[in-house]
Amino acid sequence: MMMKILRPFVLLIWAIAMFPLTSVAQQTLQQKLASLGIVKEQCTDWSDSAVISLPMPICAYANVTGITAMPSKDGQQLKGWMEMYDGHGNYFKKRVVLALQGQSSVGLTKKHFKADFFEEDWDGEATPEIKFGNWVEQDAFHFKAFYRDFFRGTGIMSYRIYDQLTIGRGEYGRIWERATNIKNPDLDALCHPDAFPCLVYLNGKLHGIFCWQLKKHRKNMNMKKNTPEHIHLDTVLAEDTTLYGGVVKWKHFEIKTPKNLYTVNGKAYDSENPTELIDESSAYYNLDTDDENTKKYKANSAKVKKYIINLSNYKKEIQTLINNKASNETIREAIAERFDVVGMIDYMIHNIVTNNFDGLKKNYQLFTYDGKKWFVAPYDLDNTFGYFPYYSIVFSPNFYCLGNLTSFNFKSYFPFNFVETYFKQDIRDRYATLRDEGLLNPEIISSMFSNWYYDIGLSNYADEWKKWPKSPCLLETIANSPWELQTYNATTYNKTKEYSSSTQYAAGDITKAGYRLWKAKSATKGVRPYKQIGCKDSLARIYPWVKDRLVQIDKLMAYSFTSLPSSYTLHISSVGWSTICLPFQFVIPEGLELYTVLGIDKDGHLIKEQVETPEAYKPYLVKGNLGQYVLVGERENPDAMGEDYLVNGALRGCLTSMYAPMDCYVLQNHNGKTAFYHVAANGKVMIGANRAYLVTDTPSKTNAIEMETENGPTSVEMVEACPEIIGIFSTNGTQKERMSKGVNIIKYSNGKTVKVVVK
C-alpha cells in the first residue's frame with residue numbers, strides 16, 4: 001500500500017484535532033506524581049544542602065505550602081515553603097518568600113510571582129545556591145504565569161532563538177566574551193533569561209503552568225556587585241527625553257548594577273524609586289561622618305554617574321560627525337567604539353524575525369563592562385511571533401512594529417537607527433549567513449515550540465485550561481450587535497478614530513476598539529463593538545506563520561541563498577541501520593546503502609527502493625557496516641514551500657531534534673531487536689537532528705515493523721511495546737534535557753541503554 005504524503009505540520013494539526021485538550025478532572029499533586037511514577041522516598045533529597053546543582057528539568061512540579069493564597073497585591077511578602085520535583089529523580093524543600101513580579105501581570109487573573117529561597121530562617125542572611133543545567137547559580141527565581149499566552153512560554157522560545165543566533169558566531173557568541181574588565185567570568189552567563197516549564201501547586205492543588213525563570217541578576221550578566229564599570233540599565237531607554245538627549249532623566253530608568261550606590265541627596269539608591277546619583281558637586285559627598293565603605297560607594301556612584309552622562313552624549317557626538325560630513329568609515333568606527341555593533345546586529349535581526357515590536361523603545365537590557373562600550377540583550381519577549389497579548393490578537397506575518405514589513409523600522413530608535421544606516425550591508429550579510437547555515441528556518445523554530453509544548457504535555461495543558469478557562473488565548477472575539485469585525489489593515493487602523501460611547505454611528509461607519517477594526521451594520525450609539533475579545537491560538541499556527549514571515553524578511557534583506565560546503569558524520573552501530581536527512585547531496589561511501597521507503601505492503605513488509613544519488617532535504621533509510629562515515633556536500637537552498645520538503649515516500653525528515661508525532665514509527669533498538677517502533681503518544685519519543693521517522697497512511701495496531709534479516713524482509717509481528725525514555729546522559733554521566741550534539745546515552749524504562757551520536 002503506497003503512502004500518502006503528509007507535511008509534518010499537517011500531521012501536527014491532525015493530532016491536535018483528533019486529541020483535543022480535555023480532562024475529566026484536575027489531579028492533585030500526589031495524583032500527578034503517582035501517574036508519573038515519581039515517589040518522594042525514592043528521590044534524591046537535597047533539602048539539607050545549601051548548594052544544589054541539578055540537571056535542567058524538562059517539566060518540573062513545585063508545591064507551595066505554609067500560605068493559604070498566592071500573592072495578589074503589591075507589597076505582599078508571604079513566607080512559606082516550596083518543595084520541588086525536577087522530574088529526574090531529585091527533590092528539595094526550602095523556605096521561600098513570595099511576592100508579585102512584573103507590572104503588567106498585577107492586573108491579570110493569573111499573576112507572575114517571584115520566590116526568594118532561604119535556609120535557616122526567612123531573614124535573608126543564609127540563602128542556598130541553586131543551579132539548573134547550564135544556568136548560573138541563583139537564590140531567587142521568577143515564576144512567569146503568561147496568562148494570555150497559549151504556550152505559556154512564547155517568550156522563552158524567543159530567548160532560545162536569540163541563543164541560536166548568537167552562538168552561531170562561535171568563540172565570541174556570548175556578549176560578555178566581546179567585553180573587557182571581566183575577571184574569572186562565569187561561562188554559563190547568558191545575559192538574558194531562560195526558563196523551564198513547571199506546574200505550580202498550592203497546598204497540593206494545581207495553581208497552573210508557570211515558567212521557572214532566571215532573573216535579571218548580575219551573575220547572569222557576568223558583573224560584579226561593586227565594580228563601577230559594570231553598569232546594567234533597565235526599563236525605558238530609547239528616548240531622547242530619557243537618556244540620549246544629553247540630559248539624563250534619572251527617574252525613568254533603573255540601575256540594577258552596581259549595588260550600594262548613593263543619590264545626590266546622600267541617601268541610598270532605591271531602584272524602585274530611582275533618583276539622580278551623587279557626585280563630587282553634592283554637599284553630601286565625602287562627609288566627615290562617612291566610614292571608608294560609604295566613601296568608596298559614593299566614589300563608585302560618581303563614576304557610574306559620569307559613565308551614564310557620557311552615554312547620554314553619544315548620539316550628539318555621532319550626529320556631529322554626520323553633520324560635519326565625516327567619512328562613512330569614520331562614522332562606523334565612532335559607532336563601534338561606543339556600542340557593540342555585533343550584538344546590535346544580532347538583536348536587530350532577532351527583533352525582526354520574532355516580530356518583537358515592543359523591544360525598541362524599551363524591554364531590552366543596556367549594559368557596559370568598562371563604562372565606555374555599551375551592549376544590548378533582549379528581555380520581556382512576550383510580544384513576539386505575531387501575538388500581541390495585551391489585546392489578544394495575532395498579527396499577520398508581514399506586520400512589524402504595528403506596520404507593514406517594508407523596512408527595518410529602526411529609524412526612530414537610537415542607537416539602532418545609526419546601526420541600520422551605517423551597517424545595513426553587515427545586517428544583510430549576517431542574516432544571509434544565518435539563513436545559509438540553516439540557523440533560521442521554519443522547521444528549527446517551530447520544533448522549539450513543539451518540543452516545549454510536548455515537554456509540558458497535553459494532560460497538563462488540559463488541567464491548565466480547566467483551571468484558567470478565561471485565558472484570552474482560548475476565546476473567540478465576539479461582536480456586539482449591530483457591529484461586525486473587519487480585517488485588520490494598518491493603514492486603515494491608523495486613520496480611524498477610537499470608539500466612543502458618546503458618538504452616533506451610522507450604518508457602514510468604521511471605528512477601532514480592542515486593537516481591531518469594526519463596522520456598524522446599522523445606526524448605533526453607546527454599544528461597544530465587542531462582547532468578548534480573544535484569540536484562539538494553537539501550536540499549528542507557528543510553522544506557517546514563521547515560514548511566511550521568513551519569505552517576507554528574505555525580500556526585505558535582499559537575501560538569496562549561497563551554497564556552502566558542509567559535512568556530516570554518520571555513525572552506524574552494530575545493529576546496521578539508521579535514518580538520515582541532510583541539507584545537501586553527497587556521494588554514498590562504500591559500506592552504506594540508502595533506501596527510499598515507499599510504504600508497507602499488505603503483508604506488513606517495508607517497500608524499499610535503493611537510491612544511488614541522495615537528494616538534499618529528503619529522508620532515507622540507511623543500511624551499513626559498523627563505523628563512522630563522513631558525508632560531504634554543499635548545502636542547498638531549501639524549498640520549504642514544496643510538497644516534498646523533508647518528505648520521501650513514507651519517511652519524514654527533521655533537521656533538528658523534535659518529538660515524533662503520535663502513530664508514526666521511529667527506528668530504535670530495544671533489547672537487541674532493531675525495528676520501526678510505534679509511537680503511542682505525542683511528546684514521548686525524541687528524534688535526533690538529521691533523522692527520519694516512518695508514517696503509515698492509517699494508524700496501525702502494530703507495535704513494531706521489524707527490519708530485514710539474512711533471509712529477506714520479515715513480516716510485521718507484535719513485539720514489546722515501546723518503552724519510555726527515562727533519561728538522556730552525556731558520556732560523563734551528566735543528565736541532559738534532550739539529545740544534543742555529540743554522544744548521548746539513552747536509558748529506557750526496560751533497562752536498555754542505547755548510545756546515540758548526533759553531529
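## Salt bridges

A search of the whole structure, which is a predicted model, finds 24 salt bridges. Side chains of opposite charge can pair when their charged atoms come close. One of these salt bridges joins Arg169 to Asp346, with the closest N and O atoms 2.7 Å apart. The two partners come from distant parts of the chain, 177 residues apart, since Arg169 belongs to the loop between helix 3 (154-167) and strand 9, whereas Asp346 belongs to helix 9 (residues 341-354). Their surroundings can be described as well: Arg169 counts as partly exposed, at 29% relative accessibility, while Asp346 counts as buried, at 0%.

A salt bridge is also formed by Glu317 and Arg338, whose closest N and O atoms are 3.0 Å apart. Glu317 lies in helix 7 (residues 314-323) and Arg338 in helix 8 (residues 328-338), so this pair ties together parts that are 21 residues apart in sequence. Because the limit for a buried residue is under 20% relative accessible area, Arg338 counts as buried at 16%, and Glu317, with a relative accessible area of 32%, is partly exposed. In the salt bridge between Arg541 and Asp537 the closest N and O atoms are 2.6 Å apart, and both Arg541 and Asp537 are buried. Elsewhere, Lys110, Arg152 and Glu464 are linked in a network of salt bridges.

## Nonpolar cores

The largest nonpolar core has 93 residues, and those with the most contacts inside it are Leu233, Ile308 and Ile349. Leaving out residues up to four places away in sequence, Leu233 touches Ile308 itself, together with Leu243, Phe253, Glu254, Ile255, Leu311, Gln365, Leu366 and Trp374. A second core, separate from this one, has 44 residues, including Val136, Phe143, Phe196 and Phe367.

## Aromatic pairs and charges over rings

The count of aromatic pairs comes to 56. In one of them, the rings of Phe132 and Phe196 have their centres 5.0 Å apart and their planes at 70°, so the pair is edge-to-face. Phe132 lies in strand 7 (residues 129-132) and Phe196 in strand 9 (residues 195-202), so the contact between their rings ties together parts that are 64 residues apart in sequence. Both members are buried, Phe132 with a relative accessible area of 0% and Phe196 with a relative accessible area of 1%. By contrast with that edge-to-face arrangement, Phe367 and Phe375 form a stacked pair, 6.1 Å centre to centre with 20° between the planes. Phe367 is buried, with a relative accessible area of 0%, and Phe375 is likewise buried, with a relative accessible area of 2%.

Phe132 and Phe196 also belong to one aromatic cluster, which they form with Phe92, Phe113, Phe117, Trp135, Phe141, Phe143, Phe210 and Trp212. Rings elsewhere are met by positively charged side chains: the charged end of Lys216 sits over the ring of Tyr379, 3.9 Å from its centre, and Lys467 lies over the face of Trp468, at 5.4 Å from the ring centre.

## Tyr431 and helix 15

Where does Tyr431 lie? The place of Tyr431 is in helix 11 (residues 424-436), and Tyr431 is buried, with a relative accessible area of 0%. Apart from its neighbours within four places in sequence, Tyr431 is in contact with Ile349, Val353, Leu440, Leu550, Ile553, Asp554, Met557 and Tyr559. Ile349 is also among the residues with the most contacts inside the largest nonpolar core. Tyr431 and Ile345 are 86 residues apart in sequence, and their C-alpha atoms are 9.1 Å apart in space.

Three of the contacts of Tyr431, namely Leu550, Ile553 and Asp554, are also buried residues of helix 15, a group that further includes Ile542, Tyr543, Trp545, Val546, Lys547, Arg549 and Leu556. At 1.5 Å a residue, the 15 residues of helix 15 (residues 542-556) should span 21 Å, and the distance between the end C-alpha atoms of helix 15 is 21 Å, which agrees. Helix 15 is followed by Ala558, whose phi is positive, near 50°.

Conventions. Residues are numbered from 1 along each chain as its sequence is written. This is a predicted model: local features need pLDDT of at least 70, side-chain atom pairs count only at pLDDT 80 or more; totals for chains, interfaces and linings use all residues. Side-chain values use heavy atoms; hydrogens and water are left out. A nonpolar core is a set of buried Ala, Val, Leu, Ile, Met, Phe, Trp, Tyr and Cys residues joined through side-chain atoms within 4.5 Å. Buried means under 20% relative accessible area, exposed over 50%, partly exposed in between (1.4 Å probe, protein chains only). Contact means heavy atoms within 4.5 Å. Rings of Phe, Tyr and Trp (its six-membered ring) pair if their centres lie within 6.5 Å; planes under 30 degrees apart count as stacked, over 60 as edge-to-face and the rest as tilted. Helices (H or I, at least four residues) and strands (E, at least two) are DSSP runs, numbered from the N terminus. A charge sits over a ring if NZ of Lys or CZ of Arg is within 6 Å of the ring centre and within 35 degrees of the ring normal. The expected span of a helix is 1.5 Å times one less than its number of residues. A salt bridge is a side-chain nitrogen of Lys or Arg within 4 Å of a carboxyl oxygen of Asp or Glu.
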